[in-house]
Amino acid sequence: MKKDRIFWGTVAPLAAVVSSLLLVSIILILRGANPIEIFQVMISYGFDPRNLVSELNQTVAYYLAGVAAAIGFKMLLFNIGIDGQYRMGAFFGAVVGAAVSLPPVLHVLLIIITAMLAGGLWAAIAGYLKVRRGVSEVISNIMLNFIAAAIIAFLLGEELLGILPEGSQNVQTRPIPLSGQMPTFKMFNGEVYSFLFVAIFVGIAYWIMLNKTVFGFNLRATGLSFRAARSSGVNAPGMIFITTVLSGAIAGLVGLGTLLSDTHSYSMAFPSGFAFTGLSLALLGRNHPVGIFFAAFLWSFLERAAPVLEYEGVPPEIVIVMQGTIVLSIVIAYEVVARINLRQQQRAVGKANVDLVKESK
Amino acid sequence: MATESKVHVKSIGKAKILFKSPARITLLIAGLFFILALVESLTGATDISSPGTSGATLRFAIPLLMAGLGGLWAERAGVINIGLEGMMIVGTWTAAWFGYLHGPLMGFVAAAIFGLASGFFHAILTVKIGIDQAVSGLAINLIAAGGARYLSGVFFPPVGGDRTVSPPVDSFPTFTIPVIAPILESIDAQNIFFISNLAGILHGLTKDVSLVTIALLLLVPLTSWILWRSKFGLRMRFSGENPMAAESLGINVYRIRYVAISVSGMLASLGGAYLALVASSVYREGQTAGRGFIGLATVIFGNWKPGGVFAGSILFGFTDALRVRQSESVMSLIMVAGIVALVLSIFYSINRRWKPGLISGSLALVAWWIHQRVDVIPQEFVTVFPNFATLIVLTFLAQRLTPPAMAGMPYRRGSE
């Protein structure tokens, strides 16, 4: 049974990637390009040591977004608010980090805790609305994403929390002093964020929390069946609220790798779109910490290797289409596999019943 | 306890009567205009009732309306369509490209066809295969955005466009309604209290109108008629409220949903086409700017009714129009809201309903405070007003909303 699960768990994502590669190949052939050549160029460019480093750094952010989404998924929550939560976390982490001066390690810790608090509190709004008002978290989070972006754009105004550095067009927060920065370490001749270790820690903590603690058990139980969990004494609404906040807190960490090791300040140049990426990665990685890592790496690999398509005369945005089709195929694959399994089980039960009747005769 | 609930029922009944009767609604709207006229003559900011604002409001409202009607069709049949944004992108791109090749009318036709196809795609994924409706919608958003950018890069540069902008497309001819529009304009110019303000608004709605605008506006009563007067509409609402019961009465829920979601995609796509062909005359990357999501918000705001969606899109289109015009208007609008809150508070206090009276009273105080203390409302906040308003409605009026019971829930034929 367990073997079966692992088999389907790996076959379905691979099938999804392959089928999306096929689709992209068709598009490329229509464009008059040779898909195999293009994929070769992408692979050789993407595995170039210099690019591997930036992919790894991007993977850190995507990984955290994926874990944040996965925590939600375990509770059947669709946390599309990761975008807003990540913004809140990165922004307030940057503001608080620049405002205080503390000894080195404490300073970084304070920024990390602030970011988690900001992300968690922002998510708490959606959690409250879900638990107390019965508002779908999808709708409230979509609205909250827009509102978060507006609040930060407003607070970044020059007379408030933002400054305009000389020779720059981008308004940003005051820079975090040296004590609040995280070092990078050398790998493949590049600078890898040491926030990578925080991401690894989060992944391990997520796994332990889910599989080895009472809290994790209650979380999974509530996700599987709200009513059953409730009647066995779990505070199910409370669990939904806490899970939402936890997911938001992890989402608050998404931007910190870049913030602490690279830019040292928040600006409007921070990318958006982490919500859908995180959800896709959690789906692709089956909510498993290791699976999410591979999915996150695949995502940043595709994005990093995309610009090289330009030289081949193919608009690099094809990669976005590819990501979208990967997600769709994976979800479809899971659905189909689940249905086949269900049918097999039904058949097995039916056959057992027939045998039983025959025996009794 | 008993008396309390009786009072409550009575007051709800009263509120219902107040808002239901057409005469009262007219009176209420007239009252609102009166306050508006008062504020305008007090502050001297005349932009709210200027013809430019009302014309722009209509132009900004139509795309939201189309997205909202699209969301309404899908949700009434029981499927949430998060992919509205992507379907609007499909509309902007196809309208611009086919409009460039064969003229704006063909652009609209192409947008309708491709929108129908994108809706059908969502239907296959959610109805036939049965994947999560939100995942499907979001994937459609991603694929449409990426696909449009890819295709722009392939098709537009060779014909004089850019990688992000299409070549200019002929726009639709507009016309000014004869006789009425000039009369309204002259009244507006005379600066009579109240009457001129009203004339200004109407003048904006009667000059430089596009036939497309009128045609798309007619979709509101049409949707209303289909939903509440036709056999298909009844079945559609039935599959949104209780698909199992519908199925047991011989209704083909799958087929109904296929049709409804396809139409949903077509409507959203037409909204996109309007953006590309009427509100401007090019396709530009990021043109939809989250309007699909605001369309989703108008569905909630309008309580899943076509008229409500229309009202919501006018309100949100109005904020959109103000955003690109002047910030003083926003300030005088807050003054209007404050006065309305004050009037409501007095009304509630007379009826001895202290809680809503207190709430609206404090709202009036907040409005007064903003008016006294804040110089300019930051543009960022004006932009997200629709999102904020929707969140507030969901928070405080969630019990009054009547969404289709099974919208967003997975449904498989023959399962429980």
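**Close-up views of a predicted two-chain model**

**View 1. Helix 3 of chain A sits mostly inside.** With 21 of its 26 residues buried, helix 3 of chain A is largely enclosed by the rest of the structure. This is a predicted model, so keep that in mind for every view here. Helix 3 of chain A covers residues 49–74 and reaches 36 Å from its first C-alpha to its last, close to the 38 Å expected at 1.5 Å a residue. Look just past the end of the helix and you meet Leu76(A), with a positive phi of about 60 degrees. For context, most residues other than glycine have a negative phi.

**View 2. Chain A, seen whole.** Here we step back for a moment. Chain A is built with 14 helices and four strands. Its radius of gyration is 23 Å, close to the 21 Å that the globule rule gives for 361 residues, so chain A is as compact as a globular protein of that length. Along the principal axes, the C-alpha trace of chain A spans about 90 × 60 × 35 Å. Of the 361 residues in chain A, 49% are buried. If you take contacts in chain A between residues at least 6 apart in sequence, 77% of them join residues at least 24 apart.

**View 3. Helix 8 meets helix 10 in chain A.** Zoom in on helix 8 (residues 214–224) and helix 10 (residues 236–252) of chain A, whose axes come within 10 Å and cross at roughly 105 degrees. An angle of 65 to 115 degrees counts as roughly perpendicular, and helix 8 and helix 10 of chain A are therefore roughly perpendicular to each other. Which residues of helix 8 of chain A meet helix 10 of chain A? They are Asn218(A), Leu219(A) and Thr222(A), and on the helix 10 side they find Ala236(A), Met239(A), Ile240(A) and Thr243(A). Sorted by type, the residues of this contact come to four nonpolar, three polar and no charged.

**View 4. Val100(A), in a loop of chain A.** Val100(A) lies in the loop between helix 4 (82–99) and helix 5 of chain A. Is Val100(A) buried or partly exposed? Val100(A) has 15 C-beta neighbours inside 10 Å, so it counts as partly exposed. To find your way around, try Ile111(A): Val100(A) and Ile111(A) are 11 residues apart in sequence and 9.8 Å apart in space, C-alpha to C-alpha.

**View 5. Where chain A touches chain B.** This contact takes 31 residues from chain A and 35 residues from chain B. On the chain A side, the elements that give two or more residues are helix 5 (104–133), helix 6 (137–155) and helix 14 (318–360). Helix 14 of chain A brings the largest share of that side, with 11 residues. By type, the side of chain A that touches chain B has 21 nonpolar, six polar and four charged residues.

**View 6. Chain B, seen whole.** Now for the partner. Chain B holds 19 helices and two strands. A compact globule of 416 residues would have a radius of gyration near 22 Å, and the 23 Å of chain B agrees with that. The C-alpha atoms of chain B fill a box of roughly 60 × 60 × 40 Å along the principal axes. In chain B, 47% of the 416 residues count as buried.

**View 7. Two loop residues of chain B with positive phi.** Start with Ala289(B), which is in the loop between helix 13 (253–279) and helix 14 (291–301) of chain B. The phi of Ala289(B) is near 45 degrees, a positive value in a residue other than glycine. Ala289(B) counts as partly exposed, with 15 C-beta neighbours inside 10 Å. Next comes Trp304(B), in the loop between helix 14 and helix 15 (306–324) of chain B. Phi is near 55 degrees for Trp304(B), again a positive value in a residue other than glycine. Trp304(B) has 21 C-beta neighbours inside 10 Å and counts as buried.

**View 8. Ser313(B) and the residues around it.** Ser313(B) belongs to helix 15 of chain B. There are 33 other C-beta atoms within 10 Å of Ser313(B), and this residue is buried. What does Ser313(B) touch, not counting residues up to four places away in sequence? The residues are Ala61(B), Leu64(B), Leu65(B), Gly68(B) and Thr298(B). You can also look for Val299(B), which is 14 residues from Ser313(B) in sequence and 9.0 Å from it in space, C-alpha to C-alpha.

Note on methods:
Residues are numbered from 1 along each chain as its sequence is written. Chains are lettered from A and ligands numbered from 1 in the order in which they are written. This is a predicted model: local features need pLDDT of at least 70, side-chain atom pairs count only at pLDDT 80 or more; totals for chains, interfaces and linings use all residues. Two residues are in contact if their C-beta atoms, placed from the backbone, lie within 7 Å. Ala, Val, Leu, Ile, Met, Phe, Trp, Tyr, Cys and Pro count as nonpolar, Asp, Glu, Lys and Arg as charged, and the others, Gly among them, as polar. The expected span of a helix is 1.5 Å times one less than its number of residues. A residue is buried if 20 or more other C-beta atoms lie within 10 Å of its own, exposed if 12 or fewer, and partly exposed in between; C-beta atoms are placed from the backbone. The radius of gyration is taken over C-alpha atoms; the globule rule is 2.2 Å times the number of residues to the power 0.38. Axes are lines fitted to C-alpha atoms, for helices over the stretch in contact, and angles run from 0 to 180 degrees between N-to-C directions. Angles under 35 degrees count as roughly parallel, over 145 as roughly antiparallel, 65 to 115 as roughly perpendicular and the rest as oblique.
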